[in-house]
Amino acid sequence: HSLWTGCGHPLARPREVAPTYAPAPVKMPLITRILEPLLGKQVAGMDQHGWWVVMRTAIGWAVLLYGIWMWTWWLPSLYFRMHDAYQKENIDGRTFKQYLTYHFNYWMASGGISAMFQLLVIGILTLLTLGAFIYAIMMQDSPVRGLWLCTVWASAASVDPAVTAMEGGVGMIATFGGLVLLAVLLTTISDFFAEQQRKSNEGRDPIVEGGHLVLLGLSSQTKQFLEELAICEASSAPTTVAILHTLPKSEIEQEIKRQNTNTGDLKIVCRSGLPSSASDLWKVGADVCSRIVILDEPALPRDEADAITFGTLLTLRGQGACGWPHGGHIAVQCCLGKNVTFMNDLYPGKTFVLSGERLGRLMVQSAQDQGLCPIFNAIIGFEGDEFYSASAESLNLAGKLFQEAPFWCEQTVPIGIRDSGGAYHINPEKSYEIKEDDEVILLAEDDDALQPLSKPLMDFEAWKMKFGSATFEESDPNDNEVVQVLICNFTERGYGCAILLALDEMCGAGSECDIYCSLSEDEVISIIKNAEEEADRTLKNIKVRKIFTVPQHQMTSRHKINVMPLQDYDFNFVLADAALGFQKADEQTVAMIIQMKSLIQESFPEHKFEPLVEVCTPNATLQLELCGIQNTINTISMMSKAMALVAIDTLAHGVLSDLLSATGNNMDIMYLKDYLGTQPLPQQITFVEIAAIVNRAAQQVVIGWSESNEQGEKVWVVNPKNKLLPRPWSAEDKIVVIKDV
């Protein structure tokens, strides 16, 4: 350049310097702009590709770590937790493999698509994690790259020919693994699951549980029994119910669903088999369960149903030295009252039997005293108050007389004692001294109410000195009265015979009964004679005067019902013909009541029509209440509730056996004036004062009283919670007592 310039060459012009332009700013990725203030200049130069690599690496490591955690911690811990649960169950005769298989099958059956999806995720995660580490070891490369390649290979099932032989080999392994996984999911595992599902659907695989409840049989009471069990909040209540019946498992499940059974949080497991077969009983875990319940089968004759129960009890008793269940008890519903003692003796110590025939006595009591049905409903079942027991020492009652007990119980009502030998004393002598090892039986809302008091609610001795003594004198006794009775819908499996036998015990000689039914006169007489033979007694105080036989389709006809002298009957029993089905039976019952009430109001408007009506569903109860009929009883629901109570705690068996027997105690509705002697009827009174009045005058226990609701209707309250709160009292108010027959 200097040479040309010095020579003056025309081209030797001064060189023009090209203008300098500022480079255009590079737009940073959004994530770079977000993280630059936090991480500084290290991220400023990263482009979109760089960030993709970082994110892919982070995601890859997250997947790998999750896969490692799954195989090194989650699955082993799950295995050991299941093993610990298996050991705690202490299930003899079942292997851990059977335990795992049972719970896996139940999980698959209940999980459905969710369970299959979880298995798919576990399988894919296992394949990718294993393939990534194989690639990293063989290629001496990053496992994240291996994870990425395995993902591509397993999903696309192809290998790029340009890759190295080593990469191609790993890719083929991953591709083969992906194909195998897909094949297993679509064929082998699918077939395995289908086979396991078939076994489960057919009820062939054993139940591997412990401490559960086994329900033998499927009947009209199953729905009510399961629903009652579902609302039980006792800590000892089982959470799993295994049902064994001769129907296929799928049909048992469909029947429970068809009945719209509200099982709550209960786990229901159904199996098909014979209740009298040891292998089928083992299949439902009858040896390791905590309770076995045998319900009545109403579709069978009474003798045949009890015969099946005999066989089942013998099978259970014959298993080993101590029989099945090893550490539990058996609650049994007996059809015939004469078989109760025999069933108890057949498997003593573990069998607790209730007979539906005893409800006949309850129905007669309820007809005599309007209001007993809702009171029984209030104390039988897990809603409201129920039976509890607590040691005398924990209640601060040891050494005190039983007549003092009500004044040491603020939220409960003591009704009896269970002594150290297991004997029940409901409504014991007032002078009975409560021993330290006695258990006090109480009506309470829950076990939280079983709290001791530091001082009594009342000084009973001082109260007696103030008001003096008095003797109980019933102003209107209805025992041993000569009555005329009507029984409608008399059937062989119904409560007609039980009502007749109870009436014979409780009514005077010369009482008469008319029967209105669809059976012939010969059939009715045969059923009654058979009932007398079964009870080993004959009807002495009451006789059947007239049998009105009406075709089934005309049972609700007005002209047929009008033949009966409805105005002459002291007690009317309208039973439910359950053979028609619950809905049809209730429709027939409600229609008959409407016709009877209409006929009486037309011809004898002053006559009181207060029948005792047996219903099958809550709808019928509501419909009858609209007709002014309050005295209804759902015998199916009541027996189901009673069986649920006995299944949870045998205490209920001892109490109910006494209250429903002909030689124990009865509940009764009384006027307070019968206990006052010369003392005037108070205008205001507390429940504690009523307890003192009853204690002073009679060998009875007061458990409740009548109240008026907002609509002015009479309602019955058992175990009032505020026993020191005064309330108005009138001559129409009544009390509920337990008294010795």
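Biologist: What makes F117, L120, V121 and I124 a nonpolar patch on the surface?

Modeller: In this predicted model, F117, L120, V121 and I124 together have about 340 Å² of accessible area. A patch takes residues with over 30% relative accessible area, and nonpolar side chains are joined within 5 Å. V121 has a relative accessible area of 38%, so V121 passes the cut-off of over 30%.

Biologist: Where in the chain is V121, and why is V121 called partly exposed?

Modeller: V121 is part of helix α5, residues 113-139. Its relative accessible area is 38%; partly exposed covers the range between buried, under 20%, and exposed, over 50%. V121 is therefore partly exposed.

Biologist: Which residues gather in a patch of negative charge on the surface?

Modeller: The patch consists of D476, D479, E481, D568 and D570. Asp and Glu count as negative, so each of these residues has the sign that the patch calls for. D568, in the loop between α18 (558-561) and β14 (571-574), has a relative accessible area of 37%. That value is over the 30% required of a patch residue, and D568 is classed as partly exposed.

Biologist: Why is Q567 called partly exposed, and which residues does Q567 touch?

Modeller: Q567 is also in the loop between α18 and β14. Its relative accessible area is 29%; the buried class ends under 20% and the exposed class begins over 50%, so Q567 is partly exposed. Residues up to four places away in sequence aside, Q567 touches F604 and H607. The C-alpha atoms of Q567 and P605 are separated by 10.0 Å, the two residues being 38 apart along the chain.

Biologist: Why does T589 count as buried?

Modeller: T589 has 1% relative accessibility, and buried means under 20%, so T589 is buried. The residue sits in helix α19, residues 582-603. With neighbours within four places in sequence left aside, T589 is in contact with N489, V574, L575, A576, V613 and E614.

Biologist: What makes helix α16 mostly covered?

Modeller: Of the 11 residues in α16 (496-506), 10 are buried. Among them are G496, C497, A498, I499 and D504. The buried residues of α16 pack against α13 (358-368), β11 (484-488), β12 (511-517), α17 (521-535), β13 (542-549) and β14.

Biologist: What makes D296 and R493 a salt bridge?

Modeller: The closest N and O atoms of D296 and R493 are 2.7 Å apart, and the cut-off is 4 Å, so the pair qualifies. D296 lies in the loop between β4 (291-294) and α11 (302-317), and R493 in the loop between β11 and α16, so the salt bridge ties together parts that are 197 residues apart in sequence.

Biologist: Buried or exposed, what is D296, and what is R493?

Modeller: D296 has 10% relative accessibility, which is under 20%, so D296 counts as buried. R493 has a relative accessible area of 24%, between the limits of 20% and 50%, and is therefore partly exposed.

Biologist: What makes E439 and R418 a salt bridge?

Modeller: Their closest N and O atoms are 3.3 Å apart, which is within 4 Å, so the pair counts. E439 is in strand β10 (residues 439-444) and R418 in strand β8 (residues 413-418), so the pair ties together parts that are 21 residues apart in sequence. R418 is buried at 14% relative accessible area, whereas E439 is partly exposed at 27%.

Biologist: What do the side chains of R558 and E602 form, and how is E602 classed?

Modeller: The side chains of R558 and E602 meet in a salt bridge, with 2.7 Å from N to O. R558 belongs to helix α18 and E602 to helix α19, and the pair links distant parts of the chain, 44 residues apart. R558 has a relative accessible area of 31% and is partly exposed. E602 has 54%, over the 50% limit, so E602 is exposed. Elsewhere, salt bridges that share partners join R361, D504, E505 and R537 into one network.

Biologist: How many salt bridges does a search of the whole structure find, and how many residues does the chain have?

Modeller: The search finds 20 salt bridges. The chain has 741 residues, of which buried residues make up 49%.

Note on methods. Residues are numbered from 1 along each chain as its sequence is written. This is a predicted model: local features need pLDDT of at least 70, side-chain atom pairs count only at pLDDT 80 or more; totals for chains, interfaces and linings use all residues. Side-chain values use heavy atoms; hydrogens and water are left out. Patches are made of residues with over 30% relative accessible area and no salt bridge: like charges are joined within 9 Å, nonpolar side chains (Val, Leu, Ile, Met, Phe, Trp, Tyr) within 5 Å. Accessible areas come from the Shrake-Rupley method with a 1.4 Å probe; for residues, only the protein chains shown count as cover. The place of a charge is taken as NZ of Lys, CZ of Arg, CG of Asp or CD of Glu. Helices (H or I, at least four residues) and strands (E, at least two) are DSSP runs, numbered from the N terminus. Buried means under 20% relative accessible area, exposed over 50%, partly exposed in between (1.4 Å probe, protein chains only). Contact means heavy atoms within 4.5 Å.
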